[in-house]
Amino acid sequence: MEAHWSLLEEGQERIKKRDSRKDHEDFDEEEAKAILGQNEEEEEVMCDISRNLCSIMKTHKAQFIPFFEQLLPSLMQMLAPDHAPLDQKVALWIVCDVIEQTGRLALPFYASVLPLALRNVNSEDADVRQAAVYSVGVAAEVGGEHFAPYLQDALQSLSAVIQRPGSRERKNAFATDNAISALGKVAEFQACPKGDIFSFWLDCLPLSRDKLEGRAVNAQLCRLVEERDNNVLGGSELSNLPKIIRIFGSVVHTKFVDEELTARIARLLKGIQEGLPHVVLQGIWDSLTREQRDNLTGLLQQ
């Protein structure tokens, strides 16, 4: 594990050394392109190293915690505002993996890392934002009551990311998708105004870019509907049902569902079709786009 960390530090130093060339008088466009390519390759290597660390966490959870405790001062320094986005991103990857892979073993570190993750949710760098919001979502899912001190900041920060100008543009879409996913985790696993938050969450769906998060969110939605979650469905009046059917109509035949998810959506739709009065169902149907209606019609006829 120490060797992995050393490799990450060496990569960071090489990037800093190359970037320092930008201040030299003889620095030109050709060298800038060369440095950009070298830094991108370096970043890929650092991603691979981080993934290897994650694999170690999965299989050696308890043994990894003392090592993480040693790393924590360096990680917190990397997350400082004056550090490069790459430093912040790498630190957040590691923090997120520790929270996700070691579960409750990571709870003692929440007070140190979550405030920094929440601060980076507002980063101007989309990759840093993506890593930060994912960290917040995972902590909300596994942290239980230990996440409670950060709940209000998390709700405000995630909502700000989702609603910031240009949030759905290509360069920001992955960060926004992960913020929407994180908001759904907060709504499900934390003590909060679930009805209002789930209603807003449904308004934000479907996701637009991140395939893995898209499938995870759609699976979460299917599960909550299967469980007849009152907050997701919109109370006794089922006020969120039109939104849910719209989402299903939008994601069918896309990369955001696999065969299993498609089958679950079909079963849910058939149950809804059988359980609602025709006039109510027709009203929902009329509110859909033609493409959404065609997608759902094809699904129901299978």
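This is a tour of a predicted model, going from the whole chain to a helix pair, a set of salt bridges and one threonine.

**Whole chain**

Start with everything shown as a cartoon. The secondary structure consists of 15 helices and zero strands. Along the principal axes, the C-alpha atoms fill a box of roughly 70 × 45 × 30 Å. Switch to a surface: the protein exposes about 15000 Å², and carbon and sulfur atoms supply 51% of that area. Of its 302 residues, 49% count as buried. If you draw a contact map and keep the contacts between residues at least 6 apart in sequence, 71% of them join residues at least 24 apart.

**Helices α12 and α13**

Select residues 241–251, which are helix α12, and residues 259–275, which are helix α13. Their axes lie 11 Å apart, at an angle of about 140 degrees. The crossing of α12 past α13 is left-handed.

Now show side chains. Which residues of α12 meet α13? On the α12 side they are Leu241, Ile245, Phe248 and Val251; on the α13 side, Ile265, Leu268, Leu269 and Ile272. By class, this contact has eight nonpolar residues, with no polar and no charged ones.

**From α13 to α10**

Stay on α13 and select Arg264, then add Glu226. Their side chains form a salt bridge, with an N to O distance of 2.9 Å. Arg264 belongs to helix α13 and Glu226 to helix α10, so the pair ties together parts that are 38 residues apart in sequence. Is Arg264 buried or exposed? Arg264 is buried, with a relative accessible area of 15%. Glu226 is partly exposed at 38% relative accessibility.

**From α10 to α8**

Keep α10 (residues 211–226) on screen and select Arg223. Its partner is Glu188, and the closest N and O atoms of this salt bridge are 2.6 Å apart. Because Glu188 lies in helix α8 and Arg223 in helix α10, the bridge ties together parts 35 residues apart in sequence. Glu188 has a relative accessible area of 18% and is buried, while Arg223 is partly exposed at 28%. Add Glu227 to the selection: Glu188, Arg223 and Glu227 are linked in a network of salt bridges.

**A bridge between two loops**

The structure holds seven salt bridges. For another one, select Glu124 and Arg164, where the closest N and O atoms are 3.4 Å apart. Which parts does this pair tie together? Glu124 is in the loop between α5 (110–120) and α6 (126–142), and Arg164 is in the loop between α7 (151–163) and α8 (170–189), so the bridge ties together parts that are 40 residues apart in sequence. Color by accessibility here: Glu124 is exposed, at 68% relative accessible area, and Arg164 is partly exposed, at 22%.

**Thr176**

Finish in helix α8 by selecting Thr176. Thr176 is buried, with a relative accessible area of 1%. What is Thr176 in contact with, leaving aside its neighbours within four places in sequence? Its contacts are Val161, Ile162, Ser167 and Arg168. Of these, Val161 and Ile162 fall within the range of α7 (151–163).

Terms used. Residues are numbered from 1 along each chain as its sequence is written. This is a predicted model: local features need pLDDT of at least 70, side-chain atom pairs count only at pLDDT 80 or more; totals for chains, interfaces and linings use all residues. Side-chain values use heavy atoms; hydrogens and water are left out. Axes are lines fitted to C-alpha atoms, for helices over the stretch in contact, and angles run from 0 to 180 degrees between N-to-C directions. Helices (H or I, at least four residues) and strands (E, at least two) are DSSP runs, numbered from the N terminus. A crossing is left-handed if the near helix is turned anticlockwise from the far one by less than a right angle, and right-handed if clockwise. Contact means heavy atoms within 4.5 Å. Ala, Val, Leu, Ile, Met, Phe, Trp, Tyr, Cys and Pro count as nonpolar, Asp, Glu, Lys and Arg as charged, and the others, Gly among them, as polar. A salt bridge is a side-chain nitrogen of Lys or Arg within 4 Å of a carboxyl oxygen of Asp or Glu. Buried means under 20% relative accessible area, exposed over 50%, partly exposed in between (1.4 Å probe, protein chains only). Accessible areas come from the Shrake-Rupley method with a 1.4 Å probe; for residues, only the protein chains shown count as cover.
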